[in-house]
Amino acid sequence: MFLKFENFLIVYNSFFFFFRYVLLLGLSATSLITHHWILVWLLIWSNMVLSTYAVSSQQHFPNILFSSFSDTIQSSFGPNVTLATVLTILFTLIENPDLLNLHFCQKNPQYSGENRVQVSGWIIALVNTLATQLGTKRTDTLFSEKELGNSDRKGKIKFLAEKLDSTAIGLKLSPYDSKGNYKGKLLPISRHKIEPAYVICPTSFVCGTLNCQPRCLIQSTWERDIPMVTLIKEHTAHQGVPVLVGKCPKCETLYAADHERFQDTSTIQNNLKRVYLNSAKYLKVGKSLWVDRLFSTSVINAIYNFHASASAYAEYWNNTFGTEQLSVARPHIWQAFVQQSVRTIAGECGFDAEFDDGLNIKEVTIQAFSILGENGIIRAADKHACGECTQERNKTSNVVFDDPAAVVGMDATDDNIPAMASTHEEIEVDLPQITSDNKMDVDAIQNIKMVVLDGVVMGPQVNGF
């Protein structure tokens, strides 16, 4: 079993210090063999180190029969408990292995001076949190009518603590066996075995074109030709996800998860058109890579809020969420940025953007600007003018700093940078006077407008270490 890099460094450093210690003792290779006890301890110690760092940091999901699980639930909780409540209890237990370790350690004393505690403060705290999560009505379904009638709130909490204790034991979520013998620390529970199977398919289920009658869609791809892609959902990569495409058997409109493709019969050429669906759950950003809208929204926010480039965000995502099997590149980020931007603006305008089919990403941006750009006017800024966004055009700056400390650049190497002679508040600036909410007291000189500068980026930081 291969060690992780950090574990390898620990083992490597340990061997280094060991042989350094041997050299300090003045032992040669021959004398090292003669002192066989050193070799024996070295082999024992190295085997212990390798075994320790090869242990997995997670353990498998409880491997029990469903009949056993059903018997545990029915014997512990009331007859009116729902599936949602049972699943809440199940995931509450598997998400708190450290608390279960603390609880069962008190329940199974191993050292002198310890007292056996059947209902510990740890399990009581978990019960209170669970009851708050479930609410009063759902919590009452965990008890039988007899338990509800003969117990006050404190008694219910104790009953529920005992129920959670027996449920955890039934699910094998205890570090002790039935005889109270310690088996090993309960590790975080892996959810790999209960991960859902994802399928990327159209959100529409009937044909909705104007020239066609509503009818159900058929699956248009042969089984052997269904592409298997990687889906990034909630920043977690899922491999081998099939992509299914629907088709109307009458008008032959194709329905994909992120777009619809139809034949434009209003033109002589009958060109193929592609509609970018604002309601799409997933977006295709690469040949075999799909992402959810959380990913694309994160791209938008990062680029606007941090002025990050597509390359910088790709590096950030790979450093934070990437794995050895998956990493994103700049084209993936740019695809997500353009597609999410188009859908966001089109959604504000109240329609789905429609383009020619088969365009590359550059051509998509050109057509998107012609459809959504409104001749360069921002819809929210139409017929608006104020002192913040429109200023009188000046040939020179209103503010001129004579202080050398104000013009020190980012590439300055002088450590003796002088302090500014005056603060920004003390500098007198001759700004245009605003006479109303949306008008300014300016002459007939043409006002300047806001412009968007392309290429303002925030690159990755340099690690001097």
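**Figure 1. Aromatic pairs in the predicted model.** The structure, a predicted model, holds nine aromatic pairs. One of them is formed by Y304 and F337. The ring centres of Y304 and F337 lie 6.0 Å apart, and the planes make an angle of 40 degrees. The pair counts as tilted, because planes under 30 degrees apart count as stacked and those over 60 as edge-to-face. Y304 belongs to helix α10 (residues 293-305) and F337 to helix α12. The pair thus links distant parts of the chain, with the two positions 33 residues apart in sequence numbering.

**Figure 2. The open sheet of four strands.** The strand order is β3-β2-β9-β8, and the pairing is mixed. β3 and β8 are the edge strands, each of which pairs on one side only. From one strand to the next, the twist averages 30 degrees. Helix α12 packs on this sheet, where it touches β8 and β9. The direction of α12 makes about 145 degrees with that of β8.

**Figure 3. Strand β2 and its two partners.** On one side, β2 pairs with strand β3 (residues 236-242) in the antiparallel sense, over five bridges. V229 stands opposite V241 in β3. The hairpin of β2 and β3 has two residues between the strands, and E234 takes a positive phi there, near 55 degrees. The pairing of β2 with strand β9 (residues 289-292) is parallel and has three bridges. In that pairing, I232 stands opposite V291 in β9.

**Figure 4. The open sheet of six strands.** Here the order is β1-β4-β5-β6-β7-β10, and the pairing is antiparallel. The edges are β1 (218-219) and β10 (353-356), each pairing on one side only. Helix α13 (residues 361-372) packs on the sheet and touches β7 (272-276) and β10. Between the direction of α13 and that of β10 the angle is about 135 degrees.

**Figure 5. Bridges within the sheet of six strands.** Strands β4 (residues 246-247) and β5 (residues 254-255) are antiparallel and share two bridges. K247 has L254 in β5 as its bridge partner. β6 and β7 also run antiparallel, joined by five bridges. β7 pairs with β10 in the antiparallel sense over four bridges. Which residues stand opposite K273 of β7 in these two pairings? F262 stands opposite K273 in the pairing of β6 with β7. In β10, the residue opposite K273 is D356.

**Figure 6. The second largest pocket.** The volume of this pocket is about 600 Å³. Its lining comprises 31 residues, and those nearest the centre are D258, H259, R274, K284 and W290. Two or more lining residues come from each of the strands β2 (228-233), β5, β6 (259-263), β7, β8 (282-286) and β10. The helices α12 (330-349) and α13 also give two or more residues each. By class, the lining divides into 15 nonpolar, nine polar and seven charged residues. Among the elements of this lining, α12 is the helix that packs on the sheet of four strands, and α13 is the helix that packs on the sheet of six.

**Figure 7. T141 and its contacts.** T141 lies in the loop between α7 (121-140) and α8 (145-149). What does T141 touch, if residues up to four places away in sequence are not counted? The contacts of T141 are G78, N80 and V81. T141 and N80 are 61 residues apart along the chain, yet their C-alpha atoms are separated by 5.4 Å.

Technical notes: Residues are numbered from 1 along each chain as its sequence is written. This is a predicted model: local features need pLDDT of at least 70, side-chain atom pairs count only at pLDDT 80 or more; totals for chains, interfaces and linings use all residues. Side-chain values use heavy atoms; hydrogens and water are left out. Two strands pair if DSSP finds at least two bridges between them. Contact means heavy atoms within 4.5 Å. Axes are lines fitted to C-alpha atoms, for helices over the stretch in contact, and angles run from 0 to 180 degrees between N-to-C directions. On a 1 Å grid over the protein atoms alone, a cavity is a set of points where a 1.4 Å probe fits but cannot get out, and a pocket is an open set with protein on both sides within 12 Å along at least five of seven lines; lining residues have an atom within 4 Å of a point. Grid points are joined across faces, edges and corners, and a volume is the space filled by probe spheres set on the points. Ala, Val, Leu, Ile, Met, Phe, Trp, Tyr, Cys and Pro count as nonpolar, Asp, Glu, Lys and Arg as charged, and the others, Gly among them, as polar. Rings of Phe, Tyr and Trp (its six-membered ring) pair if their centres lie within 6.5 Å; planes under 30 degrees apart count as stacked, over 60 as edge-to-face and the rest as tilted.
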